[in-house]
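Visitor: Could you pick one part of this model and take me through it closely? I'd like to know what packs against what, and how the surroundings fit in.

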Amino acid sequence: MDSTQQVPFFNRGPGPAVRLVFFAALSLLLLFVDARYHYLESARSALSVVLSPLQQAATLPSVLWRQAGEFFVTQDSLVDENLRLHRRHEQDAAQLQQLQAVQAENRQLRNLLELPARATLKTTPVEIIYIERDAFKRKVLINKGADARLQAGQIVMDDGGIVGQLTRIYPWMSEVTLITEKNFAVPVQVLRTGLRTIAFGAGDTSSLSLRYLPVSADVQSGDLLVTSGIDGIYPAGIPVAKVIKIERDASYPFARVSCLPVGGVDKHRHLLVVSGSVKPPAVPAETQPAGRK
Amino acid sequence: MYQNASSEILRPVNPLLIWLTVIAALLFNALPWDGLWLDLRPDFVALVLLYWSLYQPHRLGIGLAWAVGILADVGDASLFGQHALAYTVLAFGGAMLHRRLQMFELREQTAQVFGILALTYGVYALVHWQVNGYVVWTYFLGCLTSALMWIPLGLMLGALGRRRAERRFS
């Protein structure tokens, strides 16, 4: 069989144009079904099981590199780090004791005021397996999925603050959409003033923006944004971002506020999945005001 | 040195070799690229598919390219059919141009390969734009680096294919 010469009297099935139309139509159909109706998630997780050895193998070089690095860590740097952690631990322990006192006091005050208790956060430590290789998206995959009873919608954070949200659960891993994903929204509150607003991802590696804030809004650069917790998904009071720049242009109705995430969105390998946020009571059914139809 | 001088008769290569190289390409695409490197990453799967659809058009057709595209969609968590559509167009380009491109050396092919790759990248970005409403322009940098990878990749795959073919036929 000489592949450079196509001899017309050998029947090779439909020509390339027919195949192009057929497979293009099939792709478009799949695209439509996937984008509109999300029917294909089970097929996706089945195929992901097939692909997972390949994906595991792809992380092997970096894992080996890291292990080699860990092997050659010097005694000196370990002693140094140990000392530093000890000091940090002492500082934190002092603060923790204060925190416990404040928490007790807060619980008491909340009881007095009959406010519902704040959720205690349960966290599951996870590790990033790899970063999604689509330049359009800001997503990472972590090493636990349905096997660790993770659910889509749970919050992912690190020691600094919110990092993202679980958006897709596979049998052995899950997909985290980072808060810097374009148009990803996090309900936040300015810690200093209590002003509620929404932080949107800007689509690049490390910035968020606050849209729809009036020019006169009380925001300063350096303000810390924490989750407001009013949506029932994000637990309240977790740091999200720091305001770095505010442009107040009178020709626009809204101020342009750019922020930097405080969590290590692109930095760490180990993250925490938060579970157990309180469900807010259901929105009361709209009642018809008397006297109006 | 180039294997595609028209004097050389191309022998069919082992289908196993094609599969292994496609799997290796999927692996290369799955390496932990990040940040600017992700933008600059050549699409190895597209290159390997294009190479085989040019040099072994009867071994790697549009249907196979589509199936690999579906796998790439799962690997990249893009929409089902997004890579598949792009690779279908790619393999069609390969099937249409394989007789013309085989007349050229790898170096001369690069410009035309760049055209096919640009079309492939364009299809992918177009789908993304239709669904999400925006396009990240740095994404097209990958198209350029992919075209630059054509010569080294072509030399490598050519050498692999030739050795296997000789061993099988001698």
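Guide: Let's start with the helices where the chains meet, then look at the strands.

A bit of housekeeping. This is a predicted model, so local features need pLDDT of at least 70 and side-chain atom pairs count only at pLDDT 80 or more, while totals for chains, interfaces and linings use all residues. Residues are numbered from 1 along each chain as its sequence is written, and chains are lettered from A and ligands numbered from 1 in the order in which they are written.

Now the meeting of the chains. Chain A brings 38 residues to the contact and chain B brings 47; two residues are in contact if their C-beta atoms, placed from the backbone, lie within 7 Å. On chain B's side, helix 1 (15-30), helix 2 (36-40), helix 4 (62-76), helix 5 (82-101) and helix 6 (106-132) each put in at least two residues. Helices (H or I, at least four residues) and strands (E, at least two) are DSSP runs, numbered from the N terminus. Sort that side of chain B by class and you get 29 nonpolar, 14 polar and 4 charged residues. Here Ala, Val, Leu, Ile, Met, Phe, Trp, Tyr, Cys and Pro count as nonpolar, Asp, Glu, Lys and Arg as charged, and the others, Gly among them, as polar.

Helix 5 of chain B is a good one to follow. Across the chain boundary, its axis and that of helix 1 (residues 16-37) of chain A come within 8 Å and cross at roughly 170°. Axes are lines fitted to C-alpha atoms, for helices over the stretch in contact, and angles run from 0 to 180 degrees between N-to-C directions. That makes helix 1 of chain A roughly antiparallel to helix 5 of chain B; angles under 35 degrees count as roughly parallel, over 145 as roughly antiparallel, 65 to 115 as roughly perpendicular and the rest as oblique. Helix 1 of chain A uses A:P16, A:L20, A:F23, A:A24, A:S27, A:L28, A:L30 and A:L31, against B:Q82, B:A84, B:L85, B:T88, B:F92, B:A95 and B:M96 of helix 5 of chain B. There's no charge in this contact: 12 nonpolar and 3 polar residues.

Within chain B, helix 5 packs on helix 6 at an angle of about 160°, with the axes 9 Å apart, so these two are roughly antiparallel as well. Their crossing is right-handed; a crossing is left-handed if the near helix is turned anticlockwise from the far one by less than a right angle, and right-handed if clockwise. Among the residues that meet are B:L85, B:V89 and B:G93 of helix 5 of chain B and B:I116, B:L119 and B:V123 of helix 6 of chain B. By class this contact has 11 nonpolar, 7 polar and no charged residues.

Helix 1 and helix 4 of chain B make another pair, their axes coming within 11 Å and crossing at roughly 25°. These helices are therefore roughly parallel, and the crossing is right-handed. B:V22, B:L26 and B:A30 of helix 1 of chain B sit against B:V68, B:L71, B:A72 and B:G75 of helix 4 of chain B.

Over to the strands of chain A, which has 3 helices and 12 strands. Strand 4 (residues 162-169) of chain A has 6 of its 8 residues buried, so it is largely enclosed by the rest of the structure. A residue is buried if 20 or more other C-beta atoms lie within 10 Å of its own, exposed if 12 or fewer, and partly exposed in between, with C-beta atoms placed from the backbone. Strand 4 of chain A pairs antiparallel with strand 3 (residues 155-157) over 3 bridges and is joined to strand 5 (residues 174-178) of chain A by 5 bridges, again antiparallel; pairing takes at least two DSSP bridges between the strands. A hairpin with 4 residues links strand 3 to strand 4 of chain A, and a hairpin of 4 residues links strand 4 to strand 5 of chain A. For single pairs, A:I155 is the bridge partner of A:Q165, and A:R168 that of A:E175.

Lastly, A:G263 lies in the loop between strand 11 (254-261) and strand 12 (270-275) of chain A. A:G263 is buried, with 23 other C-beta atoms within 10 Å, and its contacts include A:M157, A:I162 and A:V163.

Methods
Lists of a residue's contacts leave out its neighbours within four places in sequence.
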